[in-house]
Amino acid sequence: MKININRLMSAIESYATYGQVEGCGVTRPSFSKADYQVRNLFIQELKDLGMTVTVDAIANIWGTLPGTGEKEKPIVMGSHLDTVPNGGKYDGALGVLVAKEIIETLREYEVTLAHPLQIVSFTAEEANEFNFSTMGSRTLSRRLHAEELRGASDKTGTTLEAAVKKAGGDLSKIDAGQQNAMAAYFELHIEQGSKLENQNLSVGIVDSIVGIYRDLVTVEGQQNHSGTTVMKNRKDALVAAGEMVAEVQKLAIALDSDTVATIGKFEVFPNAANIIPGRVDFTLEVRSADKTERDALIRRIHDSFHSIQEKHEVNLTIVNSYNMQECDFDKELINFLEEAATEMGIPYAVLPSMAGHDAMNLAAMTKSVMVFVKSINGISHSPQEFSLPEDIEKSANVLLNALLKADQTL
Ligand SMILES: [Zn+2]
């Protein structure tokens, strides 16, 4: 069985017109005018496919196709329809539209699954003005609660409560309902990196999502006059912090693995041409799918920071600000995807995701897995985001055939 790539590509183009900014990609954050419009379109199209549509308390949209009645728990496919400002056509929307295309394909072939089949579009996956990314899937998996959501508002003063209500949700019902029981969750997404392209592969089977660790680091030296303070008497916070930046790069490269370390934010005080910097604040981020390697790298970085501190006689404070554990996807679902790809003669790579996705929250409540499609030049969150139709087609067919295996086995 194969999906109809032309129908899928025209759906991608049609959804991209919602929030399209002439020459500047797609701007469709959750609860924007374009988001409300695309929600209505999506709901109507699911109904036209004969699905029952519901909108849950956090305004995730669910479409359900009944199965033969042999199995009770649904198999779910989905992703998100919101975008970052000036984003691309594929991040999120592709996973939702491939799921919809698979449902159309099953209808065409007159195949009814043993399990009910559900499609989901999650609310506010991207970072947004309400400051809750993966809002819909985190709420569904009970990692985000009504009391945390209730007080939130955007900079125009619109409350999250009102925004969710307008999309058909209801914050007051969040902790009341039963958590949805599912048999499995599949999410297709663009890779947003270059690993598949570097290996000349169309399809990635994602076995894990990296853990993300962040520190806030403060280096304090002695602020002083840049002309009258001789070099040997200085306690320059920036010189010490600069060595730390170089050390982080060196230690991460030495691993020669997928583990990455980044100093992305760096502030110098008072930041003036004639003053020796008295203080530097910076962030340290480490991402890795391998917990042992991640912890070892963080230890090595902290040790090096302390040696640099002693050498320069500065003060050092390291405060952990974020620590999300890595998530492993379900081995059985990974097997279904590998078997499907092998049977279709489609080469693939098994790889970790270096970015967070709704599927990591779903992994806390059901069997969960992801399929990646090659991103051209590894570009995402940009109008230049692009994936080739032939790569999309192969990945969607792998997902379709893995879904059929899951339906027979689970
Ligand atoms: Zn996404």
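This tour moves through a predicted model, from the whole chain to single strands and residues.

**The whole chain**

Begin with all 410 residues displayed as a cartoon, where the secondary structure of the protein comes to 12 helices and 16 strands. The radius of gyration is 24 Å, close to the 22 Å that the globule rule gives for 410 residues, so the protein is as compact as a globular protein of that length. If the view is turned onto the principal axes, the C-alpha atoms fill a box of roughly 85 × 50 × 40 Å. Colouring by burial would mark 44% of the 410 residues as buried. Of the contacts between residues at least 6 apart in sequence, 78% join residues at least 24 apart.

**Two domains**

Next, colour the chain by the domain assignment, which gives domain 1 as 5–209 + 327–409 and domain 2 as 211–324. The centres of domain 1 and domain 2, taken over C-alpha atoms, are separated by 37 Å.

Then select Glu326, which is found in the loop between strand E13 (315–324) and strand E14 (327–328). Is Glu326 buried, partly exposed or exposed? With 19 other C-beta atoms within 10 Å, Glu326 is partly exposed, whereas a residue would need 20 or more to be called buried. Once residues up to four places away in sequence are set aside, Glu326 touches Ser208, Ile209, Val210, Gly211, Ala289 and Lys291. For a sense of distance, add Glu108 to the selection: Glu326 and Glu108 are 218 residues apart in sequence and 39 Å apart in space, C-alpha to C-alpha.

**The nonpolar cores**

Now show the side chains of Leu94, Val98, Ile102, Leu337, Val371, Ala396 and Leu399, which are the residues with the most contacts inside the largest nonpolar core, a set of 69 residues. The largest share of this core, nine residues, comes from helix H3 (residues 93–108). Keep Leu399 in view and look around it: not counting residues up to four places away in sequence, Leu399 touches Val98, Ile102, Phe186, Leu188 and Val371. Another core, of 18 residues, lies apart from this one, and Val280, Ile301, Phe305 and Val314 are among its members.

**Strand E4 and its partners**

Select strand E4 (residues 117–122), where six of the six residues are buried, so the strand is largely enclosed by the rest of the structure. Which residues point to each side of E4? Leu117, Ile119 and Ser121 point one way and Gln118, Val120 and Phe122 the other way, and all are buried.

Add strand E2 (residues 61–65), which is joined to E4 by five bridges and runs antiparallel to it; here the bridge partner of Gly63 is Ile119 in E4. Then add strand E3 (residues 75–80), which runs parallel to E4 and is joined to it by six bridges, with His80 standing opposite Phe122. Bring helix H3 back into the view as well, since E3, H3 and E4 make a right-handed β-α-β unit.

**Strand E5 and its partners**

From E3, step across to strand E5, which runs parallel to E3 and is joined to it by three bridges. In this pairing, Met77 has Phe186 in E5 as its bridge partner. Strand E5 covers residues 184–190, and seven of the seven are buried, so this strand too is largely enclosed by the rest of the structure. Both faces of E5 are covered, with Ala184, Phe186, Leu188 and Ile190 on one side and Tyr185, Glu187 and His189 on the other.

Extend the selection to strand E16 (residues 368–373), which pairs with E5 in the parallel sense over six bridges. Phe186 has Val369 as its bridge partner in E16, and Phe186 is also one of the residues that Leu399 touches.

**A last stop at helix H5**

Finally, select Ala146, whose place is in helix H5 (residues 146–150). With 16 C-beta neighbours inside 10 Å, Ala146 counts as partly exposed. Leaving aside neighbours within four places in sequence, Ala146 is in contact with Leu171, Ile174 and Asp175. A distance label drawn from Ala146 to Asp170, 24 residues apart along the chain, should read 10.0 Å between the C-alpha atoms.

Key:
Residues numbered from 1 in each chain as written. Predicted model: local features only at pLDDT ≥ 70, side-chain atom pairs only at ≥ 80, totals over all residues. Core = buried A, V, L, I, M, F, W, Y, C linked by C-beta atoms within 7 Å. Buried ≥ 20, exposed ≤ 12 C-beta atoms within 10 Å, placed from the backbone. Helix = DSSP H or I, 4+ residues; strand = E, 2+ residues; numbered from the N terminus. Contact = placed C-beta atoms within 7 Å. Domains from an automatic or database assignment. Rg over C-alpha atoms; globule rule 2.2 N^0.38 Å. Pairing = 2+ DSSP bridges. Right-handed = clockwise from strand over helix to strand, strands pointing away.
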